[in-house]
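Here is a short briefing to read alongside the structure. Take a look at the model, then follow the points below.

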Amino acid sequence: MNKLIGFIEKGKPFFEKLSRNIYLRAIRDGFISAMPVILFSSIFLLIAYVPNIFGFTWSKEAEAMIMKPYGYTMGIVGLLVAGTTAKALTDAYNRKLESTNQINFISTMLASICGFLFLASNPLEAGGFANAFMGTKGLLTAFLSAFITVIIYNICVKNNVTIKMPKEVPPNISQVFKDLIPFSLVILVLYGLDLLARAVVNTNVAEAIVKFFEPLFTAADGWVGITIIFGAFALFWFVGIHGPSIVEPAIAAITYANIETNFNLLQSGEHADKILTPGTQMFIVTMGGTGATLVVPFIFMWLSKSKRNKAIGRASVVPTFFGVNEPILFGAPIVLNPVFFIPFILAPIVNVWIFKFFVDVIGMNSFSVVLPWTTPGPLGIIMGTGFEVWAFVLAITLIVVDVLIYYPFFKVYDKQILEDELKGIDNSEALRSKVADNFDTRKADAVIASSVGNSTAQEVESKDNESITGTTTHANDNVMPEPTNVLVLCAGGGTSGLLANALNTAAKEHHQPVKAAAGGYGAHMDIMKEYDLIILAPQVASNYEDIKQDTDRLGIKLAKTQGAEYIKLTRDGEGALQFVRDQFK
């Protein structure tokens, strides 16, 4: 098993480079920016159709009124993502350009949106646009429009292909003329694509793209497709690579298109059978976090004979219940631990197989609503599939199956740790060190270190204090002379909230001029200039070199954290404050 993990780790540099690809990141960040729209629209789906389960049906007029916000949000999400993806990609290109010669992201957003309309909409005889491909069906077209737009702008700006105005002309007026040539080229190129598609395949680009990729969509939704896709999520995470950064952008267009397809099938009284959806990923495959770890903290807490494992389980239960599973991943540890390699990869795959069986064989409807990823897994399954009776059965089934998968491997590991405890030794230090080298584990360590009466956790906390500061420190050793704004970034804004809350609580208690906020990596570009320090959580620590280009340009301090260290900081307010101070020494 160690040889297998070592072999997989050899490919880590390649996959890390792939995860930092600016086009994949632009897709991911574009979706992050559009998530409020997607989540907002789902509220109206629930209001409109959940009452049907209990025998209540809205009138046609009331239903149309309730669903209007959905149509004007989710119904044009492709149009919106064309703009947000262009903005994200513009930010990536601007990092490579001189600070005095930057691409105007407002202009690229407008050009991408206009170009998207050329590619995805058809004019109606009565006026306006046909909107069949302006929603999720047009997402691939949105990416195409954004990529072409920003590439053309980059070529023009980099080579000064612009209209230059006299110095006396105000900058805002001069910018308009500077953007005129690239904007015009974008529209002409995308309009040319539209004309070409209509001449060759007698349809618009968006429909042509959907037809071209339809076999791939179908294959991805099959048994082999879901096995490869969701197995990759866990496999990448296990060896220290943020799997969603690679996999999510590749399947985003499929998952969100399937959500709308499922909804339309339900509306027409048919079976919603599309498996590959955001809900499947968040509540079936990663129920309790990557690796389907919802049951693991409970197993550790209730069935462990080792005091250390029992304490880790107690400390991890609540965060994992809401999908934040770093405490158990890095505290046990699960990742990079040969004992847990098989269940960590197998549980997500078996979960999605069971779900597909429920949908394809039993006839349960798949997900038709997008919910926040922090929704507890069983509740997400029930709400996301419209409160079906089979959803309750599925949730219980998955919990039981995951316990059966993880339990034998847990017993082996718990026996190892118990034997070490009885001998008074700690043979897991080398593994925890390896995990800390690959992940930012500070947050997880802080959660575990807060377990009262656990000597092992206290030892870890002490070691982390030494690794962070080199000496024992207290909150009042140094008083910062001016207000310090701190932004903590993680993958989705959930993990980062733990450290931000710890900093704010400790700052208030010790009267320190520190204010902290949490955010998701990718949605930080427009707000980072308001902060003095940015802290990267373990999942996004691999982005350090990319974001450092931005922080250096803005004169902002940047720090990355390791897994055990991060967990410790979330529970040790004084240590977190000292960590902030240390960045300014």
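Val-486 stands opposite Leu-533 in E5. Strand E3 (residues 484–490) and strand E5 (residues 533–536) pair in the parallel sense over four bridges. Strands pair here if DSSP finds at least two bridges between them, and strands (E, at least two residues) and helices (H or I, at least four) are DSSP runs, numbered from the N terminus.

This is a predicted model, where local features need pLDDT of at least 70, side-chain atom pairs count only at pLDDT 80 or more, and totals for chains, interfaces and linings use all residues. Residues are numbered from 1 along each chain as its sequence is written, and side-chain values use heavy atoms, leaving out hydrogens and water.

**Helices on the sheet**
- Helix H23 (residues 544–554) packs on the sheet and touches E3, E5 and E6, where contact means heavy atoms within 4.5 Å.
- The direction of H23 makes about 165 degrees with that of E6; axes are lines fitted to C-alpha atoms, for helices over the stretch in contact, and angles run from 0 to 180 degrees between N-to-C directions.
- Helix H25 (residues 573–582) also packs on the sheet, touching E3, E4, E5 and E6, and its direction makes about 120 degrees with that of E5.

**The sheet itself**
- Four strands in the order E4-E3-E5-E6 form an open sheet with parallel pairing.
- Strand E4 (514–520) and strand E6 (557–560) are the edge strands, as each pairs on one side only.

**Cys-490**
- Cys-490 is found in strand E3.
- Cys-490 counts as buried (under 20% relative accessible area, with exposed over 50% and partly exposed in between; 1.4 Å probe, protein chains only) because its relative accessibility is 1%.
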